[in-house]
Amino acid sequence: LSERLGGVFDRLTKQGALSEEDVKTALREVRVALLEADVSLPVARDFVKKVQEQATGQAVTKSVTPGQQVVKIVHDALIDVLRGEGDPGALKVDNPPAPILMVGLQGSGKTTTTGKLAKRLKEKDGKRVLLASLDVYRPAAMDQLAVLGQQIGVDTLPIVPGQKPVDIAKRAKQQAVMGGYDVYMLDTAGRLQIDEVLMQEVEDVRDVVSPRETLLVVDGLTGQVAVEVAEEFDNKIGISGVVLTRMDGDGRGGAALSMRAVTGKPIKYVGLGEKMDALETFEPDRIAGRILGMGDIVALVEKAQETIEAEQAERMMKRFTKGQFNMNDLKMQLEQMLKMGGMEGIMGMMPGMGKMAKQVQDAGFDDSIIKRQIALIQSMTKKERANPALLQASRKKRIAAGAGQQVSDLNKLLKMHRQMADMMKKMGKMGKGKMMKQAMK
Ligand code: GDP
Ligand code: MG
């Protein structure tokens, strides 16, 4: 809530704007940090360029340096890129039995992740899961999955020696239907590198089962390679999401950013160890902090922004509660309303004002009216805005004409201003700004 409400006071927190030079200097550091985190060069370059455009001219919060401010902007931009659409942990597993196809290079962590996900589906979502290994090349691979299945209490398809992957997939599908399973997961074989035979095999399996989810498992420590692998698999097979493994290692996880930027596919989970519960949904802010490696700076800027917002909010509230609510304040409120989706958006958040907001809304208050009201205020002189009591008939006529509106429109605006000013004053008497603090929580 403090974030949304804080926006109201945005204009007051401006202490100066980021110059192009500030931004360039800070972004040089950021670029190095990204490359060190194994973000691929073109992705880092594009990203920095985009942020440069965004950041130049932005406000610098008091008590932080321009460089620190840029780092915060970069951090937020990283989160934006990393965040896919929808709920990261959600898999499409309706319409039982839902097939999930697990693909990736050998050693990326497919089998382990298959087990982890099965456990999660079973325990968190209450699904009945069937596992099947299609890895016919390494005899131990099928046993590995069977052992994992036993360990987590999930059924595995009985092993029939000599069957081809496509036939195993067919059998798994059959078994899933007959056994009344909600989900069946196919753990495919990997290769050390992408090759045609592997791709063809996975394509054939895909065509047999029409997976609801095709999850690419990639080693988060492999950086560049991970991105190439993701592109290749997505082009040939079509993936619905990515699982990044070995994020418990000391890599900085730049692959996550490259992967998102290049494939546009959501990263759904991260693997954080060898154990069966070492799987978490992908949290963009955590990874962003890690990629940038400047978490301290981000925290510092956030703290400074919070402090200032709270200070400004309090100062402003103090003025309001003394009845000092002028036309500039009203204009700011109106502009915020436009941004925040109308009257109810903003006033609904202030205790005691929700009802009034509703009244105004019911009276047919919409964006075009707000815009017309802002135009009226813009048509006032500085003095008039600071002191609306000055507004006598002749001034009213001039202002209304200046905004291309009627005096009656202006009167309505003035009435609203008075009501709001009264309301603020009353709030002050009731709680001396305590309420505001509460609303900021
Ligand atoms: P597959 O060939 O793709 O099936 O890979 P495996 O699932 O057999 O995993 C290969 C190795 O990586 C195993 O020793 C796993 O325990 C290990 N592994 C898998 N995921 C993770 C992870 O998230 N973190 C760590 N540290 N090790 C992992
Ligand atoms: Mg395997």
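## A tour of the sheet, its helices and the ligand shell

Begin by selecting helix H8 (residues 196-209), which lies across strands E1, E4 and E5 and runs at about 170° to E1. Bear in mind throughout that this is a predicted model.

Next, display the strands themselves: eight of them form an open sheet with mixed pairing, in the order E3-E2-E4-E1-E5-E6-E7-E8. At the edges stand strand E3 (155-156) and strand E8 (279-281), each of which has a single partner strand, so that one side of each is left without a neighbour in the sheet. Helix H5 can be added to the view here, since it packs on the sheet and touches strand E1 (98-103), strand E2 (129-133), strand E4 (183-187), E5, E6, strand E7 (267-271) and E8, with a direction that makes about 170° with that of E4.

Move now to strand E2, where five of the five residues are buried, so that the strand is largely enclosed by the rest of the structure. Colouring its two faces separately shows Val-129, Leu-131 and Ser-133 on one side and Leu-130 and Ala-132 on the other, all of them buried, so that both faces are covered. E2 runs parallel to E4, to which five bridges join it, and the bridge partner of Ala-132 in E4 is Leu-186. E2 also runs parallel to E3, here with two bridges, and Leu-131 stands opposite Thr-156 of E3.

Further along the sheet, select strand E5 (residues 213-219) together with strand E6 (residues 241-245), which pair in the parallel sense over five bridges; in E6, Thr-245 is the bridge partner of Asp-219.

Then show ligand 1 with the 17 residues around it, of which Gly-109, Lys-110, Thr-111, Thr-112 and Gly-271 come nearest. Helix H5 (residues 110-125) gives the most to this shell, with three residues, and the shell as a whole divides into two nonpolar, 11 polar and four charged residues.

Residues 266-279 make a useful next selection, because UniProt lists them, in an unreviewed entry, under "domain: SRP54-type proteins GTP-binding". The end C-alpha atoms of this span lie 16 Å apart, and the span is 0% helix and 43% strand.

Finish at Arg-290, whose place is in helix H11 (residues 284-292). With 17 other C-beta atoms within 10 Å, Arg-290 is partly exposed. Leaving aside residues up to four places away in sequence, Arg-290 touches Arg-252 and Gly-253, while Gly-251, 39 residues apart from Arg-290 in sequence, is 9.0 Å apart from it in space, C-alpha to C-alpha.

How values were computed: Residues numbered from 1 in each chain as written. Chains lettered and ligands numbered in written order. Predicted model: local features only at pLDDT ≥ 70, side-chain atom pairs only at ≥ 80, totals over all residues. Near = placed C-beta within 6 Å. Helix = DSSP H or I, 4+ residues; strand = E, 2+ residues; numbered from the N terminus. Nonpolar A, V, L, I, M, F, W, Y, C, P; charged D, E, K, R; others polar. Pairing = 2+ DSSP bridges. Contact = placed C-beta atoms within 7 Å. Axes fitted to C-alpha atoms, helices over the stretch in contact; angles between N-to-C directions. UniProt positions renumbered as here; feature names shortened; annotations may be inferred. Buried ≥ 20, exposed ≤ 12 C-beta atoms within 10 Å, placed from the backbone.
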